[in-house]
Amino acid sequence: MKLSQITVPVTALAGVGASTEKLLANLNIFTVGDLLTYWPKTWDDRTKLIPLAEFANHKKVNTVAKVIDHAWFGYGRMRTLKLVIADSSAQAELLCFNRPFMEKMFPVDSLIRVNGSFYVKYRTLQSASFDISLITEASSDVLPDAENMEQYLHTGNGVLPVYALTAGLSQTQLRKIIGVALRQYAKGIENEIPEDVIKRQKLMSKAECVFAMHAPQTPEQAEKARQSLIFEELYLFQKAIGERSLQHRGSLPVETDTISTDLLAAHSLSPSDEQAVEKTFTASLSPRQKDAIARLPFKLTTGQMSVITQINADIDKSYEKESRFSMARLIQGDVGSGKTLVAFFGCLRICDYGGQCALLAPTELLARQHAENAAQLLEPLSVKLAFLTGNLKAAERNKLLKELKEGNINIVIGTHALFSSNVVYKDLRLAVIDEQHRFGVLQRNAILEKGRREASSSAQEQAFAVPNLLMMSATPIPQTLALTVFGDLDVSVITTMPHGRLPVKTHLCREESRENVFSFVRKELEQGRQAYFVYPLIKAQETDDTDTDSGLKSAEEMFETLQKKIFPDYSVALIHSQVDEEKQRSLMADFKENKIQILVATSVVEVGVDVPNATCMVITHAERFGLAALHQLRGRVGRGTAQSHCFLVYSDKLTETGKARLKALYESNNGFVIAEQDLELRGPGEVLGVQQSGYLTLSIADPVRDSAILQIARKEAFATLQTAYAT
Ligand code: ADP
Ligand code: MG
């Protein structure tokens, strides 16, 4: 039986009644299986002697001592017993709150084992939190010394598991309950991963693991069990990813080149390599794609070319006769690397085959921008485009839906409205998801379902295929996480930036010296440039406490100041999520046409906004934004050929992580490097794109810390799947 199949309720165990059942439920433990997978946080090693005198160097003292006196303090019901104890190194007091009965249990002269955390108070060494057990009531006069203490230590429980607890349940109780479960149920537990993998990787069997976690003989044994479980978890995780990939595409994910950050920092192909990339690229183009290239005012970057080549090949493959293959590809590329265009070329390829595409963006602002760009590039090539958002009037919407269903529309671009159940396609063959971290896995699947089709003509074999999927992410996911989170996708990385772009200069500056920033921005404006001013809040914060002004600047407030006092001679506008969408649209259009020079905003401008003439980004209270958000915001400038600047204005009350974040941003322009830093600062659970993805449900493994194990587990899992699939 597998551990997860042990579904007997905990109440089946001796000593677990209704009240304990409730307590265990607080820890999400309902079955014996749950109980046995309730892994200890750590272990308390009581095989090693830590005498009283060494209390300061260890979290816990672990010694054998003699009770030399009983004393009492407090009065009446508050009267509390103190056991005065001594080992050969020092003397100490054990405060026995609510445990007067200990007077009888541990009489003067008895020899005890004690394990607890000690501190000095009133010049006395004390402990109020300790475990104690009796060795003998009568002992010799000499205090136990190091040598004869050891023998007593070993007679105790060697290494004790330490669990996370809930109020009302003690460590001792939980250990006891788990002990019962171990004895009754843990013997026959089966392995979850194949025997040969266990052998090859020198892992413990599952049953051994369970014992070694809850009742280890030595700390080393516990650690080995933990490593085995980490391996198992990552193996099963990667196996699930591999299975999903086989199901969708009939193949395992291709191992992409490792995205090393060094490589990215200094990525440069030799001219002959570049020529080779361009040659294959040109050969892969359809006539219409060639037309589109001719219409572009610039040359595609090598990165864009190589990714378009991959996409063309994938799409062609998905159109082969009775093909069950569909592309599932994530394009990672730093802000401004030109991912949108790559997606448009993918759409065009689908149009060549007569299929339909859906392009999904997280905000109306961004969707509209994509629609406008697509129209400019693709409409002259007689591609029929449509734009669908939640704001469309019923009549227009119905007309659009009808055309989509009849196949008169080739590409539909929109927001969440595209998920809605009445959106029906004639032949959806490509879903493009921009800023994929803003969408969940379920949404991603929902859109793919709309294009599910029969992929086999034979009656016996009912095979289906889903549309091609292209996801774009400007929040680079560190390589280590990418394997876990997007392990079922092929990943393409655009490592090149458009030609002639200068890296944005980043300036750190304190709130007090913001006047300097204003005068810098003024000089840029005088040269015909534009600027963004970003604030963390829309409105000034309302606090009950009038004394403590939070001091946080809001966009509304600063809009007034900037417009009236600082830049009265320029046109200043305010944009945030509460401004109605029609207004947002016209403001953005005006900003793009330089009718507005200064845009005061919140992080709504974080994604997508593309105005090459804007050269200044001023982020106030920069410490309030996450690293990824700051990098995105900075990416709003530096989109033309002029030198751009990003000012990170911070207040004095910087925390250590706040400082580290700003420093990381100051030191690097590379999104991948920044993503790795972010991961280090915040941990994987918090990193944008991982949390929302709904993928990361690991309990004992940590994909970052255990990345080496992850790689091996992935190889083993895929190898097993490959063998099974081939036969
Ligand atoms: P992101 O990768 O952040 O989504 P976009 O697709 O928004 O980037 O592209 C940013 C800007 O760069 C757009 O204005 C786009 O037209 C422009 N661009 C894209 N590719 C190139 C290129 N090869 N050379 C010059 N500009 C480009
Ligand atoms: Mg983009």
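In this predicted model, helix H20 is followed by Asn594, whose phi is positive, near 65 degrees. This briefing covers H20 first, then strand S22 and its partners.

**Helix H20: span and ends**
- H20 runs over residues 581-592, 12 residues in total.
- From first C-alpha to last, H20 reaches 16 Å, close to the 16 Å expected at 1.5 Å a residue.
- Asp580 caps the N-terminal end of H20. One of its side-chain oxygens lies 3.2 Å from the backbone nitrogen of Glu582.

**Helix H20: buried side**
- Gln584, Leu587, Met588 and Phe591 are the buried residues of H20.
- They lie on the same side of H20, because they cover an arc of only 100 degrees around the axis.
- An α-helix has 3.6 residues a turn, so residues three or four places apart point the same way.
- The buried residues pack against helix H14 (364-378) and four strands: S18 (530-534), S19 (572-575), S20 (598-601) and S21 (614-620).

**Strand S22: burial**
- S22 spans residues 645-650, and 6 of its 6 residues are buried.
- His645, Phe647 and Val649 are buried on one side. Cys646, Leu648 and Tyr650 are buried on the other.
- In a regular strand the side chains alternate between the two faces of the sheet.

**Strand S22: partners**
- Strand S17 (residues 505-510) pairs with S22 in the parallel sense over 6 bridges. Leu508 stands opposite Leu648 in S22.
- S21 also pairs with S22 in the parallel sense, over 5 bridges. Met617 has Cys646 of S22 as its bridge partner.
- Helix H21 (residues 627-634) joins S21 and S22 in a right-handed β-α-β unit.

Definitions and conventions:
Residues numbered from 1 in each chain as written. Chains lettered and ligands numbered in written order. Predicted model: local features only at pLDDT ≥ 70, side-chain atom pairs only at ≥ 80, totals over all residues. Heavy atoms only, no water. Helix = DSSP H or I, 4+ residues; strand = E, 2+ residues; numbered from the N terminus. Expected span 1.5 Å × (residues − 1). Buried < 20%, exposed > 50% of the residue type's maximum accessible area, 1.4 Å probe, protein only. Arc of directions from axis to C-beta. Contact = heavy atoms within 4.5 Å. Polar contact = N/O pair within 3.5 Å; in protein donor to acceptor, adjacent residues only side chain to side chain. Pairing = 2+ DSSP bridges. Right-handed = clockwise from strand over helix to strand, strands pointing away.
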